[in-house]
Amino acid sequence: MSETERPGRPVPGLVVRGVEIFPGLLDSAAQAGIMAEIAAVMSAAPPVQPETRFGRKMSVRMTSAGKYGWVSDRRGYRYETRHPSGVAWPPIPAPVLTLWHRVTGLARAPDCCLVNLYRDGAKMGLHQDRDEADFSWPILSVSLGDEARFRIGDVTRGGPTESLWLKSGDVLAMRGPARLVHHGIDRVRGGSSTMIEGGGRINLTLRVVD
Ligand SMILES: O=C(O)CCC(=O)C(=O)O
Ligand SMILES: [Fe+2]
């Protein structure tokens with residue numbers, strides 16, 4: 001049986017520039033369950049506002065769960081096995097892993113769950129996720145909390161882009177020919193959800209790093 005025929009695997013509600021979107025895949029109970037686990041991750045490994053190589057603070061706060069976490073500082077960006085404070089990253093919560101296996105149909109687990117916290121006008125410029133060793137593994141993204149305008153471009157720099165609003169409970173997959181599309185968050189609609197204590201948006205991206 002091919003991967004796409006795997007029973008129980010959800011069918012994308014829409015596909016934008018090759019990116020598979022599953023609107024509302026997580027109901028509010030599932031969102032709350034994942035959010036409680038991510039709150040525990042954030043207290044064990046508090047989100048930090050990373051600096052770029054050029055000394056500019058990113059507006060997003062980040063932490064991770066899993067074997068690897070994605071970090072950025074004056075030495076550049078990369079995956080690390082520890083939080084900048086020196087503590088190991090907490091394990092990826094079980095319901096997040098379950099979601100990965102259900103949507104991707106893969107037996108292999110991700111080894112990084114990057115947690116992005118958007119508050120106070122935070123956004124993320126167009127970029128590719130290309131610090132992983134093997135681009136044949138998908139990236140799965142989960143949106144929680146406030147709505148966000150997600151922009152999707154091309155595999156190459158420049159070129160046309162399209163955008164859509166992601167809501168709490170939406171899931172998307174970048175895989176196959178869309179694994180390396182440029183993407184980013186133009187803006188977050190502050191106060192559009194009460195899912196997150198203290199407000200804002202949380203995005204999880206699940207990655208196979210090595
Ligand atoms: O917040 C999002 O929806 C996207 C996050 C993202 O692209 C990333 O962490 O690489
Ligand atoms: Fe990304």
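Trainee: Why does K123 count as partly exposed?
Mentor: Keep in mind that we're looking at a predicted model. K123 has 16 C-beta neighbours inside 10 Å. Buried needs 20 or more and exposed needs 12 or fewer, so with 16, K123 counts as partly exposed.

Trainee: Where is K123 found, and what is it in contact with?
Mentor: Look in the loop between β6 and β7 (124-127). Leaving aside neighbours within four places in sequence, K123 is in contact with S59, I185, D186, R187 and V188. Take S59: along the chain it is 64 residues from K123, yet their C-alpha atoms are separated by 6.3 Å.

Trainee: That loop also holds D120. What makes D120 count as exposed?
Mentor: D120 has 10 C-beta neighbours inside 10 Å, and 12 or fewer is the cut-off, so D120 counts as exposed. Its phi is near 55 degrees, a positive value in a residue other than glycine.

Trainee: R17 has a positive phi as well. How do you know whether R17 is buried or exposed, or in between?
Mentor: Count again. R17 has 19 C-beta neighbours inside 10 Å. Buried starts at 20, so R17 counts as partly exposed. You'll find R17 in the loop between β1 (14-16) and β2, with phi near 50 degrees.

Trainee: And P7, in the segment before β1: why does P7 count as exposed?
Mentor: P7 has 6 C-beta neighbours inside 10 Å, and 12 or fewer is enough, so P7 counts as exposed. In space, P7 is 39 Å from G198, C-alpha to C-alpha, with their positions 191 residues apart in sequence.

Trainee: Let's zoom out. What makes the chain as compact as a globular protein of its length?
Mentor: Set one number against the other. The radius of gyration is 16 Å, and the globule rule gives 17 Å for 210 residues; those are close, so the chain is as compact as a globular protein of that length. The C-alpha atoms fill a box of roughly 45 × 40 × 35 Å along the principal axes. Inside that box are two helices and 13 strands, and 40% of the residues are buried.

Trainee: How do contacts in the chain split by distance in sequence?
Mentor: Take contacts between residues at least 6 apart in sequence: 73% of them join residues at least 24 apart.

Trainee: Now the helices. How do you know that the buried residues of α1 are on the same side?
Mentor: The buried ones include Q31, I34, M35, I38 and V41. They cover an arc of only 115 degrees around the axis, which puts them on the same side of α1. The face turned away from them carries the exposed residues A29, A36 and S43.

Trainee: What do the buried residues of α1 pack against?
Mentor: Their partners are β3 (61-65), α2, β6, β8 and β13. As for length, α1 has 17 residues and reaches 24 Å from first C-alpha to last, close to the 24 Å expected at 1.5 Å a residue.

Trainee: What about α2: which residues are buried there?
Mentor: In α2 (residues 94-104), V96, L99, W100, V103 and T104 are buried. Their arc is only 105 degrees around the axis, which puts them on the same side of α2. On the face turned away you get the exposed residues A94 and T98.

Trainee: And what do the buried residues of α2 pack against?
Mentor: β2 (19-22), α1 (28-44), β6, β8 (139-145), β11 (171-174) and β13 (201-207). Just after α2, G105 takes a positive phi of about 75 degrees.

Trainee: Which residues have the most contacts inside the largest nonpolar core?
Mentor: V96, C113, V115, L140 and V171, in a core of 49 residues. Strand β6 (residues 112-118) gives the most to this core, with six residues. In soluble globular proteins, nonpolar side chains tend to be buried together.

Trainee: What does C113 touch?
Mentor: Not counting residues up to four places away in sequence, C113 touches S64, A65, G66, I92, V96, L204 and L206.

Trainee: Where does UniProt place the feature "domain: Fe2OG dioxygenase"?
Mentor: The unreviewed UniProt entry puts that feature at residues 109-210. In the model, the span is 0% helix and 44% strand, and its end C-alpha atoms lie 11 Å apart.

Methods: Residues numbered from 1 in each chain as written. Chains lettered and ligands numbered in written order. Predicted model: local features only at pLDDT ≥ 70, side-chain atom pairs only at ≥ 80, totals over all residues. Core = buried A, V, L, I, M, F, W, Y, C linked by C-beta atoms within 7 Å. Helix = DSSP H or I, 4+ residues; strand = E, 2+ residues; numbered from the N terminus. Contact = placed C-beta atoms within 7 Å. Rg over C-alpha atoms; globule rule 2.2 N^0.38 Å. Arc of directions from axis to C-beta. Expected span 1.5 Å × (residues − 1). UniProt positions renumbered as here; feature names shortened; annotations may be inferred.
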